[in-house]
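Please open the model in a viewer and keep the selection tool at hand. The tour below proceeds by selections, each followed by an account of what is found there.

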There are 2 protein chains.
Amino acid sequence: MSLELTPVQAVACCSPLAREPLSLPDAEGIAPLLKALADPVRLRLMSMVASHEGGEACVCDLNDAFELSQPTISHHLKILHEVGLLDREKRGVWVYYRARTEALQNLAALIGGQAA
Amino acid sequence: MSLELTPVQAVACCSPLAREPLSLPDAEGIAPLLKALADPVRLRLMSMVASHEGGEACVCDLNDAFELSQPTISHHLKILHEVGLLDREKRGVWVYYRARTEALQNLAALIGGQAA
DNA sequence: TGTAAATATTTACATATGTCTATGTCTTTG
DNA sequence: CAAAGACATAGACATATGTAAATATTTACA
């Protein structure tokens, strides 16, 4: 167990952007989460997993949805997993990723939350 | 008038991530917005402007809040302005940036919106 | 008009990022 | 146990990014 918070945990700690100035440590904790989402391929991957039935999808399905190499998709999934936006579970030969929707909601609350 | 949508306009066009898979064009339109926010300095700048009274702030105040060079802050403000997250207005010698809160809310709705 | 102040632009550079090819690991099954 | 399939990791490379120094632009005012 690390004492460091994952970006997903960090995002729950702050009041909305428009409410009070974000501190440097908070900003440094949250930026990686946004960075993970700030790529067209990862945005689509996240959306595909989150909108898939059960909120999870197999890598085998995701690979076929892009004209990118399998290692590239694996790389992007790893980034989303590392910041805590996707959970990972291996079942037999296949790997399933599951969207952490509460993380998305925390992030949304931070970005769009009312000022007061 | 350009036929291209700014990222801020693009974000209003899509249903939430968890509702249906984001198309490639939509993802390419939205990613720049997230990219603009996905930096600790720009996150803080955005938060400082948005939480400032009147939703706007003078560059002179923002410069002092960071231990970064003036051109660097100017560069970050430009990025936030270009994607449409900040409006820019010059008054005399000073330049004021204003947060487009409806853009932040659209983005939040896209990220955290309910699946159905 | 000329000088100072506020902000932007240009240029340069070290580091980060997205992608691919090649290879490794793990699981199933013949 | 060997071979095949699913996914991850390592290494390499071109491009993008964050930053600063130097310079330009714009505005106010003496």
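## First stop: DNA strand C

Begin by selecting DNA strand C in this predicted model together with the residues around it: there are 24, and the closest are A:Thr72, A:His76, B:Gln70, B:Val93 and B:Tyr97. Both protein chains are thus represented among the closest residues.

Next, colour the selected residues by class. The surface near DNA strand C comprises 11 nonpolar, 7 polar and 6 charged residues.

Now display the secondary structure. From chain A, helix 5 (70–82) supplies at least two residues of the surface near DNA strand C. From chain B, helix 4 (59–64), helix 5 (70–82) and strand 3 (94–99) each do likewise.

Which parts of DNA strand C lie within 4 Å of the protein? Of the atoms within that distance, 73% belong to sugar or phosphate, and the rest belong to bases.

Three side chains may then be selected in turn to inspect the phosphates of this strand:

- A:Arg42, where a side-chain N or O atom is 3.0 Å from a phosphate oxygen of DNA strand C.
- A:Ser69, where a polar side-chain atom lies 2.9 Å from a phosphate oxygen of DNA strand C.
- B:Arg88, where a polar side-chain atom lies 3.0 Å from a phosphate oxygen of DNA strand C.

## Second stop: DNA strand D

Move the selection to DNA strand D. It is surrounded by 24 residues, of which A:Gln70, A:Ser74, A:Tyr97, B:Thr72 and B:His76 come nearest. Of the atoms of DNA strand D that come within 4 Å of the protein, 75% are accounted for by sugar and phosphate.

By class, the residues of the surface near DNA strand D are 11 nonpolar, 7 polar and 6 charged. In chain A, helix 4 (59–64), helix 5 and strand 3 (94–99) each supply at least two residues of this surface. In chain B, helix 5 does so.

For the phosphates of DNA strand D, select the following residues:

- A:Arg88, with a side-chain N or O atom 3.1 Å from a phosphate oxygen of DNA strand D.
- B:Arg42, with a side-chain N or O atom 2.9 Å from a phosphate oxygen of DNA strand D.
- B:Ser69, with a backbone N or O atom 2.9 Å from a phosphate oxygen of DNA strand D.

At B:Ser69, please display the backbone, since the atom concerned is a backbone N or O. At A:Ser69, by contrast, the atom to display belongs to the side chain.

## Third stop: the cysteines

How many disulfides are found over all chains? A search of the whole structure finds 2.

Select A:Cys58 and A:Cys60 first. These residues form a disulfide with their sulfur atoms 2.3 Å apart. The torsion about the S-S bond is about 130 degrees, so the disulfide is right-handed. A:Cys58 is buried, at 3% relative accessible area, whereas A:Cys60 is partly exposed, at 32%.

Then select B:Cys58 and B:Cys60, which are joined by a disulfide with an S to S distance of 2.3 Å. Here the S-S torsion is about 130 degrees, and the disulfide is therefore right-handed. B:Cys58 counts as buried at 3% relative accessibility, while B:Cys60 is partly exposed at 32%.

A further cysteine position may be selected in each chain. Is Cys14 buried or exposed in chain A? A:Cys14 is buried, with a relative accessible area of 15%. B:Cys14 is buried as well, with a relative accessible area of 16%.

## Fourth stop: the nonpolar core

Hide the DNA and turn to the interior. The largest nonpolar core has 78 residues, and those with the most contacts inside it are A:Leu85, A:Leu107, B:Leu85 and B:Leu107.

Select A:Leu107 and display its contacts. Apart from neighbours within four places in sequence, A:Leu107 is in contact with A:Val11, A:Ile30, A:Leu33, A:Leu34 and A:Leu37 of chain A, and with B:Ile111 of chain B.

## Last stop: chain A as a whole

Finally, select chain A alone. It has 6 helices and 3 strands, arranged along the sequence as α-α-α-β-α-α-β-β-α. Along the principal axes, its C-alpha atoms fill a box of roughly 45 × 30 × 25 Å.

Of the 116 residues of chain A, 49% count as buried. Among contacts in chain A between residues at least 6 apart in sequence, 60% join residues at least 24 apart.

Methods: Residues are numbered from 1 along each chain as its sequence is written. Chains are lettered from A and ligands numbered from 1 in the order in which they are written. This is a predicted model: local features need pLDDT of at least 70, side-chain atom pairs count only at pLDDT 80 or more; totals for chains, interfaces and linings use all residues. Side-chain values use heavy atoms; hydrogens and water are left out. A nonpolar core is a set of buried Ala, Val, Leu, Ile, Met, Phe, Trp, Tyr and Cys residues joined through side-chain atoms within 4.5 Å. Buried means under 20% relative accessible area, exposed over 50%, partly exposed in between (1.4 Å probe, protein chains only). Contact means heavy atoms within 4.5 Å. A residue is near a molecule or strand if one of its heavy atoms lies within 4 Å of it. A polar contact is a pair of N or O atoms within 3.5 Å; within protein, one must be able to donate a hydrogen and the other to accept it, and residues adjacent in sequence count only if both atoms are side-chain atoms. Helices (H or I, at least four residues) and strands (E, at least two) are DSSP runs, numbered from the N terminus. Ala, Val, Leu, Ile, Met, Phe, Trp, Tyr, Cys and Pro count as nonpolar, Asp, Glu, Lys and Arg as charged, and the others, Gly among them, as polar. A disulfide is a pair of cysteine sulfur atoms within 2.5 Å.
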